[in-house]
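Open the model in your viewer and keep the selection tool ready. We will go stop by stop.

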Amino acid sequence: MTRSHPAGGVVPEVTAFVVGRNEIARLPIFLSHYRMLGVARFHYIDNGSTDGSTEYLQAQPDVDWLYQPATYGPDNLWGSRWQMAEIRKCCPDAWVLALDLDELLYLPLDVGIGEMADVMDAEGADLMKVNTVDCYPRGRLRGASMADCVWYDRPYSEAELKRHRLSRGQKLGRLRHRVFGMRNAYMAKSPLFRMNETVEPSGGLHYPAGRLRRSRFVGIIAHCKFP
């Protein structure tokens, strides 16, 4: 899966694989964000939506809609088994994004997602670590949209981590600690990777396991779970 590069080379295409149910409130912003990022195609595994998501997605020319009636949960690794099966079938040797509907990815370079994959290819890497930042609206959560989630807590300093007896993995987890009392939230994942025959889900698909070499570049995900 490639496309022409303006300079004459070839830039990889990146396909997104998503699992969702009743996400109509998030879908327009989610799809718009990743289209602007340059995602070539979306494979949407619908776990029985009843809110109009099905009709909306089936009308999108760049979305392949798949129905999955099985129970979402630990037996299916919270949908990641379905994602992995679809990735293996459609993109066995290609760059992919394994995403949640409440995640907006921001790349570490001012390029599109295909160009970012090209840079990673050039450095011999095939996986990008991404730090997660919980975002929230200024006002009430009720009725807020992803577009309203522009606020976030500053990271903990090393001194604050020590004072609260938190791990370094909780550095970006101030909101989770402050609001929910969570002390062990690992605020990172690896959603962008080049698939190969060794890749297996681990931690869902947060941390794909297999023969994968991590890039020196690190991205950011704005995590807008709360509305």
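**Stop 1: a pair of strands**

Select V130 and look across to G219 in strand 10, which stands opposite V130. This is a predicted model. Now show strand 8 (127-134) and strand 10 (214-223). Strand 8 and strand 10 run parallel, and seven bridges join them.

**Stop 2: the whole sheet**

Widen the selection to the sheet. Eight strands form it, and the sheet is open. Read across them in the order 5-4-3-6-9-8-10-7. The pairing is mixed. Go to the edges: strand 5 (63-67) and strand 7 stand there. Each has a single partner strand, so one side of each is left without a neighbour in the sheet. Look at the twist, too: neighbouring strands are turned by 25° against each other on average, direction ignored.

**Stop 3: helices on the sheet**

Select helix 3, residues 80-90. Helix 3 lies across strand 3, strand 4, strand 5, strand 6 and strand 9 (188-194). Helix 3 runs at about 150° to strand 3.

Next, select helix 4 (113-122). Helix 4 packs on the sheet and touches strands including strand 6, strand 8 and strand 10. The direction of helix 4 makes about 120° with that of strand 6.

Which residues of helix 4 are buried? Colour I113, G114, M116, A117 and M120. They cover an arc of only 160° around the axis, which puts them on the same side of helix 4. Step just past helix 4 to G124, where phi is positive, about 80°.

**Stop 4: the cores**

Nonpolar side chains tend to be buried together in soluble globular proteins. Select F30, Y34, F42, L97, L105, I113 and L192. In the largest nonpolar core, of 36 residues, these touch the most other members. Helix 1 (27-37) is among the elements that give two or more residues to this core. The largest share, five residues, comes from helix 1.

Zoom in on F42. Beyond its neighbours within four places in sequence, F42 is in contact with A16, F30, L31, Y34, R35, D62, V63 and D64. Another core, of 13 residues, lies apart from the largest one; I87, A94, L127 and L212 are among its members.

**Stop 5: two loops**

Find N22 in the loop between strand 3 and helix 1. N22 is not a glycine, yet its phi is positive, near 55°. N22 is partly exposed, with a relative accessible area of 28%.

Finish at R165, in the loop between helix 5 (158-164) and helix 6 (174-180). Phi of R165 is positive as well, near 60°. Is R165 buried or exposed? R165 is exposed, with a relative accessible area of 75%.

Terms used. Residues are numbered from 1 along each chain as its sequence is written. This is a predicted model: local features need pLDDT of at least 70, side-chain atom pairs count only at pLDDT 80 or more; totals for chains, interfaces and linings use all residues. Side-chain values use heavy atoms; hydrogens and water are left out. A nonpolar core is a set of buried Ala, Val, Leu, Ile, Met, Phe, Trp, Tyr and Cys residues joined through side-chain atoms within 4.5 Å. Buried means under 20% relative accessible area, exposed over 50%, partly exposed in between (1.4 Å probe, protein chains only). Helices (H or I, at least four residues) and strands (E, at least two) are DSSP runs, numbered from the N terminus. Contact means heavy atoms within 4.5 Å. Two strands pair if DSSP finds at least two bridges between them. Axes are lines fitted to C-alpha atoms, for helices over the stretch in contact, and angles run from 0 to 180 degrees between N-to-C directions. The arc is that of the directions from the helix axis to the C-beta atoms.
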